[in-house]
Amino acid sequence: MQKKFVIISYLLFLVPLIFIVNFLFDIITLKNIQGLPIFSSLLFCPIGLFFASKAHKIRKDVLTLCSIIANTVLFVFPLAYMVVGTVIFGV
């Protein structure tokens with residue numbers, strides 16, 4: 001059960017990460033969804049944090065701790081992206 005939670009947690013981390021990298025570097029042009037990839041992490045990462053914390057309660061492991069840290073960093077990314085963008089470029 002713990003391995004399933006860890007795998008789901010990492011998948012919920014990788015999906016928004018791939019969208020964000022695609023958005024920032026314009027690998028595949030997706031004009032219809034504009035800024036949605038940046039905010040997709042606000043939807044996926046709390047769910048990933050939930051599964052990672054459940055896996056961490058079952059068995060304290062380095063993989064679960066890394067998953068918690070990765071999901072937390074990606075969850076905070078859109079907020080930092082907006083703040084740094086406003087401070088540097090202004091609006």
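Visitor: How many aromatic pairs does a search of the whole structure find?
Guide: The model is predicted. Rings pair if their centres lie within 6.5 Å. A search of the whole structure on that basis gives a count of three.

Visitor: Is the pair of F5 and F51 stacked, tilted or edge-to-face?
Guide: The ring centres are 5.5 Å apart. Planes under 30 degrees apart count as stacked, and over 60 as edge-to-face. The planes of F5 and F51 stand at 40°, so the pair is tilted.

Visitor: How many residues apart in sequence are the parts that the pair of F5 and F51 ties together?
Guide: F5 sits in helix α1. F51 belongs to helix α3. The pair therefore joins two helices, and the separation in sequence is 46 residues.

Visitor: Is F5 buried or exposed?
Guide: Buried means under 20% relative accessible area. F5 has 15% relative accessibility. F51 falls in the same class as F5. The class of F5 is therefore buried.

Visitor: Which geometry do F50 and F51 form, stacked or edge-to-face?
Guide: The centres of the F50 and F51 rings lie 5.5 Å apart. Planes over 60 degrees apart fall in the edge-to-face class. For F50 and F51 the angle between the planes is 65°, and the pair is edge-to-face.

Visitor: What is the relative accessible area of F50?
Guide: Partly exposed covers the range between under 20% and over 50%. F50 falls in that range, so F50 is partly exposed. The value is 44%.

Visitor: Which residues do ring pairs link into a cluster?
Guide: F5 pairs with F51. F50 also pairs with F51. The cluster is made of F5, F50 and F51.

Visitor: Which residues does F5 touch, not counting residues up to four places away in sequence?
Guide: Contact means heavy atoms within 4.5 Å. The C-alpha atoms of F5 and H56 are separated by 9.2 Å, with their positions 51 residues apart along the chain. The residues that F5 touches are F51, K54, A55 and I58.

Visitor: Are α1 and α3 roughly parallel or roughly antiparallel?
Guide: Their axes come within 8 Å and cross at roughly 155°. Angles over 145 degrees count as roughly antiparallel. The crossing is left-handed. The two helices are therefore roughly antiparallel.

Visitor: How many charged residues does the contact of α1 with α3 have?
Guide: On the α1 side the contact includes F5, L12 and I20. On the α3 side it includes F44, F51 and K54. By class there are 14 nonpolar and four polar residues, and the charged count is one.

Visitor: Are α1 and α4 roughly parallel or roughly antiparallel?
Guide: The axes of α1 (residues 2-25) and α4 (residues 62-89) come within 10 Å. They cross at roughly 30°. Angles under 35 degrees count as roughly parallel. The helices are therefore roughly parallel.

Visitor: How many nonpolar residues are in the contact of α1 with α4?
Guide: F13, L17 and F23 are among the α1 residues that meet α4. L74, F77 and Y81 are among their α4 partners. The contact has five polar and no charged residues, and the nonpolar count is 15.

Visitor: Is Q34 buried or exposed?
Guide: Q34 lies in the loop between α1 and α2. Its phi is near 35°, a positive value in a residue other than glycine. Exposed means over 50% relative accessible area. Q34 has 59%, so its class is exposed.

Terms used: Residues are numbered from 1 along each chain as its sequence is written. This is a predicted model: local features need pLDDT of at least 70, side-chain atom pairs count only at pLDDT 80 or more; totals for chains, interfaces and linings use all residues. Side-chain values use heavy atoms; hydrogens and water are left out. Axes are lines fitted to C-alpha atoms, for helices over the stretch in contact, and angles run from 0 to 180 degrees between N-to-C directions. Helices (H or I, at least four residues) and strands (E, at least two) are DSSP runs, numbered from the N terminus. Angles under 35 degrees count as roughly parallel, over 145 as roughly antiparallel, 65 to 115 as roughly perpendicular and the rest as oblique. Ala, Val, Leu, Ile, Met, Phe, Trp, Tyr, Cys and Pro count as nonpolar, Asp, Glu, Lys and Arg as charged, and the others, Gly among them, as polar. A crossing is left-handed if the near helix is turned anticlockwise from the far one by less than a right angle, and right-handed if clockwise. Rings of Phe, Tyr and Trp (its six-membered ring) pair if their centres lie within 6.5 Å; planes under 30 degrees apart count as stacked, over 60 as edge-to-face and the rest as tilted. Buried means under 20% relative accessible area, exposed over 50%, partly exposed in between (1.4 Å probe, protein chains only).
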